[in-house]
Amino acid sequence: MSALVLFVPAFSASTSLFGRDQTIDAKAGDGGSIDPSGKVKVKKYSSITFTITADEGYEIEDVLVDDKSVGAVSSYRFWFVTKNHKIRATFIPVTYTISASAGEGGEISPTGEIKVKRGSEQRFNIEADPGYEILDVEVDEESKGAISTYTFTKISSDHSIHATFIQRTYAISASAGEGGKISPTGEISVIRGSDQRFNIEADPGYEILDVQVDEESKGAISTYIFTNITSDHSIRASFESMLEVLDAGIPNVSMKIGDRVRVTIEVSNDGGTPYSLVSGSVGGYPLEGFERISATIYHSSINIVEG
């Protein structure tokens, strides 16, 4: 009967049935982690899974295995490891955009396309230019009123913020025609929401004909008040003469150049308020002086000159 001889190869102290341990070098960049990490020992022919996790406000950008991209994966498994490997995870901040803008008359700060991290906060300051005030602030097209600051908190999406402004002062153009005055007069600057009173007064011998406000007749009024002013305006006063000349007579005598001749003027009843001479002439000669004799009779004079 023959004998069976079995030969078994000898193993060194650093060798096992499954061979030497392999090493997987695992690292993560800023903004996240990889688990396990570092120099990870793995038995030959075994398998191992690595988990990639982004920090708050970050997301996985890429995972490289032996310098080759495998995409933005959250885990990677090495199967039947027979050699050394390396795995690298990179991360980028999760950012959103806030579009900030302002209309004429003020500014918002910061302005433009603002990049912000997920979960962060962003404050905006709104300021009106001189002569303007904040009208409204819209956040994501929703009115927040005339506020001077707004803060986005725990940002998790894109946003928009827009500020509008309104002119704080307005102009009232006030003027008067011949025969009277309006007070105050000229270009009057007024504050938004305020009131402004105007007084209209006729000169002697004139009366108020009409007052037009924004080109609309208000009649022969002596005062007008703009209230709660929210826009530019105009006001103009016109007047008419109250003097009606019924007759003008001169003496029936011969005259020569250089003579000063009295003129008797019959007018409509002045009602006790004397007329004043603005201008006039008789026979082409200008009237000079104007003396009240009675409610209906006035004296003036002309100088006979060569002409």
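**Exercise 1. In this predicted model, determine which residues Gln-122 contacts beyond its neighbours within four places in sequence, and establish whether Gln-122 is buried or exposed.**

Solution.
Step 1. Leaving aside neighbours within four places in sequence, the contacts of Gln-122 are Ile-98, Pro-110, Ile-114, Val-116, Tyr-150, Thr-151, Phe-152 and Ile-155.
Step 2. The relative accessible area of Gln-122 is 18%. Buried means under 20%, so Gln-122 is classed as buried.
Step 3. Gln-122 belongs to strand E12, which covers residues 122-128.

**Exercise 2. Describe the open sheet that contains E12, and state which strands stand at its edges.**

Solution.
Step 1. The open sheet has three strands in the order E10-E12-E15, and the pairing is antiparallel.
Step 2. Strand E10 (106-109) and strand E15 (149-152) each have a single partner strand, so one side of each lacks a neighbour in the sheet; these two strands stand at the edges.
Step 3. From one strand to the next, the twist averages 15°.
Step 4. E12 and E15 run antiparallel and are joined by four bridges. Within this sheet, Asn-125 stands opposite Thr-149 in E15.

**Exercise 3. Characterise the surroundings of His-85: in which strand does His-85 lie, is the residue buried or exposed, and with which side chain does its own side chain make a polar contact?**

Solution.
Step 1. His-85 is located in strand E8, which spans residues 85-93.
Step 2. The relative accessibility of His-85 is 16%. This value falls under the 20% limit, and His-85 therefore counts as buried.
Step 3. Apart from neighbours within four places in sequence, His-85 is in contact with Thr-23, Ile-24, Asp-25, Asp-66 and Phe-78.
Step 4. One of these residues is Asp-66; a polar contact of 2.6 Å links the side chain of His-85 to the side chain of Asp-66.
Step 5. For a view of the wider model, Pro-184 may be taken as a reference: His-85 and Pro-184 are 99 residues apart in sequence, and their C-alpha atoms are 91 Å apart in space.

**Exercise 4. Identify the residues that touch the most other members of the largest nonpolar core, and name the element that gives the most to this core.**

Solution.
Step 1. The largest nonpolar core has 18 residues, and those touching the most other members are Ile-172, Phe-198, Ile-200, Val-211, Phe-226 and Ile-235.
Step 2. Two or more residues come from each of strand E17 (169-176), strand E19 (186-191), strand E20 (196-202), strand E21 (206-213), strand E23 (223-226) and strand E24 (233-241).
Step 3. E21 gives the most to this core, namely four residues.
Step 4. Another core, of 17 residues, lies apart from the largest one; its members include Ile-98, Ala-100, Ile-161 and Phe-165.
Step 5. Ile-200 shows the contacts of one core member in detail. Not counting residues up to four places away in sequence, Ile-200 touches Lys-181, Ile-182, Ile-208, Val-211, Ile-221, Ser-222, Thr-223, Tyr-224, Ala-237 and Phe-239.
Step 6. As a general background, nonpolar side chains in soluble globular proteins tend to be buried together.

**Exercise 5. State how E20 pairs with E18 and with E23, and give a pair of opposite residues for each case.**

Solution.
Step 1. E18 and E20 are antiparallel and pair over four bridges. Here Ser-183 stands opposite Asn-199 in E20.
Step 2. E20 and E23 also pair in the antiparallel sense, over four bridges. In this case Arg-197 stands opposite Ile-225 in E23.

**Exercise 6. Compare the settings of two loop residues, Thr-185 and Ala-295.**

Solution.
Step 1. Thr-185 is in the loop between strand E18 (180-183) and E19, whereas Ala-295 is in the loop between strand E29 (288-292) and strand E30 (297-303).
Step 2. Thr-185 has a relative accessibility of 53% and counts as exposed; Ala-295, at 21%, counts as partly exposed.
Step 3. Leaving aside neighbours within four places in sequence, Thr-185 is in contact with Ala-174 and Ser-175. The side chain of Thr-185 reaches the backbone oxygen of Ala-174 at 3.2 Å.
Step 4. With residues up to four places away likewise left out, Ala-295 touches Val-267, Ser-268, Asn-269 and Asp-270.

**Exercise 7. Assess the confidence of the predicted chain.**

Solution.
Step 1. The pLDDT of the protein chain averages 88, and 90% of the residues score at least 70.
Step 2. Over residues 1-17 the pLDDT is below 50, and this stretch has two contacts in the model beyond near neighbours in sequence.

Technical notes
Residues numbered from 1 in each chain as written. Predicted model: local features only at pLDDT ≥ 70, side-chain atom pairs only at ≥ 80, totals over all residues. Heavy atoms only, no water. Buried < 20%, exposed > 50% of the residue type's maximum accessible area, 1.4 Å probe, protein only. Contact = heavy atoms within 4.5 Å. Polar contact = N/O pair within 3.5 Å; in protein donor to acceptor, adjacent residues only side chain to side chain. Core = buried A, V, L, I, M, F, W, Y, C linked by side-chain atoms within 4.5 Å. Pairing = 2+ DSSP bridges. Axes fitted to C-alpha atoms, helices over the stretch in contact; angles between N-to-C directions. pLDDT = per-residue confidence, 0-100.
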